[in-house]
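Work through the following exercises with the sequence and the coordinates at hand. Each task is followed by a solution in steps.

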Amino acid sequence: MVDLERTPTPASMVTWRGSDATAGDVTMVYDQSQLDRVELEWARRAHWEALGQVRQRLGGRGGSVLIELGDHARVDCAVLRRYQRGGWVARISRDRYVYNGLERTRALREFRLLDRLHQAGLGVPRPLLASVERFSVWGYRQALMTQWIDGAQTLAHRLAQGQSLDWAGFARALAALVDARVYHPDLNAHNVLCDEAERWWFIDFDRARVGTRPRAGQRMVARLCASLAKHRLDVPLSRGELMAKIDRYRG
């Protein structure tokens with residue numbers, strides 16, 4: 001059984017006060033063991049573009065980018081992701097959310113969750129920074145910065161390229177998530193990564209939660225299998241065979 005009750009990573013918090021309607025109050029929580037300091041602009045893609053430190057555009061709803069941190073951190077590169085809505089809600093507001101307390105913002109909750117999972121040794125990126133910018137009593141927008149997993153490719157990419165995969169290792173990694181009672185609400189072929197050492201990673205834990213019932217793990221795996229079928233990716237395991245492997249490797 002994975003222990004998620006570990007001491008959280010020492011984190012610092014800093015707040016900047018906005019001066020007008022276009023510059024809201026910004027609060028950042030960051031991992032002080034990896035970042036010596038943070039600046040107001042760090043949550044904005046345009047800042048890194050102006051410095052010429054955007055190495056790659058990664059796509060996704062939030063327009064994630066791979067950035068070079070330079071001398072600011074103990075890690076070389078990070079992924080910066082802005083939270084953006086999808087579906088019909090995006091027609092009303094693409095990147096603003098209803099504020100109900102700092103610790104209940106999606107960025108802070110994902111930061112805290114990733115920290116717990118990372119400290120427990122699960123295959124998730126280390127969270128570096130969460131930014132929350134308030135524009136009014138009720139509205140805010142947010143961003144998250146996580147450590148870049150060097151040499152990793154998505155499950156979708158590796159399958160599309162016909163690369164061989166360690167399916168037993170994949171089942172063990174998924175079993176660790178299920179065993180820890182972690183529910184990833186959007187586990188799909190693009191949110192699963194495999195690096196050059198054949199280690200498996202899971203990303204994008206927005207709205208994920210811990211403490212779910214065992215049946216939630218089955219729904220998570222079912223969503224992943226549906227994603228593989230949707231993209232017509234050839235997988236040598238059926239959903240039932242994958243679940244059997246996961247059950248085999250559970251603690």
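The exercises below deal with strand pairing, one buried residue and helix packing in a predicted model.

**Exercise 1. Strand β2 and its partners**

Task: Determine which strands are joined to β2, and in which sense they run.

Solution.
Step 1. Locate the strands: β1 covers residues 11–16, β2 covers residues 25–31, and β7 covers residues 127–134.
Step 2. Take the pairing with β1. Six bridges join β1 to β2, and the two strands run antiparallel. Within this pairing, Thr15 stands opposite Thr27 in β2.
Step 3. Take the pairing with β7. Here too the strands are antiparallel, with six bridges joining β2 to β7. Met28 has Ser131 of β7 as its bridge partner.
Step 4. Check how covered β2 is: six of its seven residues are buried.

**Exercise 2. The hairpin of β7**

Task: Describe how β7 pairs with β8, and state how many residues lie between the two strands.

Solution.
Step 1. β8 spans residues 139–147 and pairs with β7 in the antiparallel sense over seven bridges.
Step 2. One register point is Leu129, whose bridge partner in β8 is Met145.
Step 3. Four residues lie between β7 and β8, and the two strands form a hairpin.
Step 4. β7 is mostly covered, with seven of its eight residues buried.

**Exercise 3. A sheet of three strands**

Task: Give the strand order of the open sheet that contains β11, and identify the strands at its edges.

Solution.
Step 1. The order is β9-β11-β12, and the pairing is antiparallel.
Step 2. β9 (153–154) and β12 (200–202) each have a single partner strand, so they stand at the edges and one side of each has no neighbour in the sheet.
Step 3. For the register, β9 and β11 (residues 192–194) pair over two bridges in the antiparallel sense. Gln153 is placed opposite Cys194 in β11.
Step 4. Add the helix that packs on this sheet. Helix α4 (residues 167–179) touches β11 and β12, and its direction makes about 40° with that of β12.

**Exercise 4. The setting of Arg158**

Task: Decide whether Arg158 is buried or exposed, and list its contacts outside its sequence neighbourhood.

Solution.
Step 1. Arg158 is found in helix α3, which comprises residues 155–160.
Step 2. The relative accessible area of Arg158 is 7%. Buried means under 20%, so Arg158 is buried.
Step 3. Leaving aside neighbours within four places in sequence, Arg158 contacts Gln153, Gln163, Ser164, Leu165, Cys194, Asp195 and Glu198. Gln153 and Cys194 in this list are the residues that stand opposite each other in β9 and β11.
Step 4. For a distance along the fold, compare Arg158 with Ala130: they are 28 residues apart along the chain, and their C-alpha atoms are separated by 30 Å.

**Exercise 5. Packing of α4, α5 and α6**

Task: Classify the crossings among helices α4, α5 and α6, and say which residues make each contact.

Solution.
Step 1. Start with α4 and α6. Their axes come within 8 Å and cross at roughly 65°. That makes α4 roughly perpendicular to α6, and the crossing is right-handed.
Step 2. On the α4 side the contact uses Ala168, Phe170, Ala171, Arg172, Leu174, Ala175 and Val178, and on the α6 side Leu242, Lys245, Ile246 and Tyr249. By class, this contact has nine nonpolar, no polar and two charged residues.
Step 3. Continue with α4 and α5. They pack at an angle of about 140° with their axes 10 Å apart, and are therefore oblique to each other. This crossing is right-handed.
Step 4. Phe170, Leu174, Leu177 and Val178 of α4 make the contact with Gly217, Met220 and Leu224 of α5. The residues divide into six nonpolar, one polar and no charged.
Step 5. Finish with α5 (residues 214–230) and α6 (residues 239–249), whose axes come within 10 Å and cross at roughly 140°. α5 and α6 are therefore oblique to each other, with a right-handed crossing.
Step 6. Gln218, Val221, Ala222 and Cys225 in α5 meet Arg239, Leu242, Met243 and Ile246 in α6. Six of these residues are nonpolar, one is polar and one is charged.

Key
Residues are numbered from 1 along each chain as its sequence is written. This is a predicted model: local features need pLDDT of at least 70, side-chain atom pairs count only at pLDDT 80 or more; totals for chains, interfaces and linings use all residues. Side-chain values use heavy atoms; hydrogens and water are left out. Axes are lines fitted to C-alpha atoms, for helices over the stretch in contact, and angles run from 0 to 180 degrees between N-to-C directions. Angles under 35 degrees count as roughly parallel, over 145 as roughly antiparallel, 65 to 115 as roughly perpendicular and the rest as oblique. A crossing is left-handed if the near helix is turned anticlockwise from the far one by less than a right angle, and right-handed if clockwise. Contact means heavy atoms within 4.5 Å. Ala, Val, Leu, Ile, Met, Phe, Trp, Tyr, Cys and Pro count as nonpolar, Asp, Glu, Lys and Arg as charged, and the others, Gly among them, as polar. Buried means under 20% relative accessible area, exposed over 50%, partly exposed in between (1.4 Å probe, protein chains only). Two strands pair if DSSP finds at least two bridges between them.
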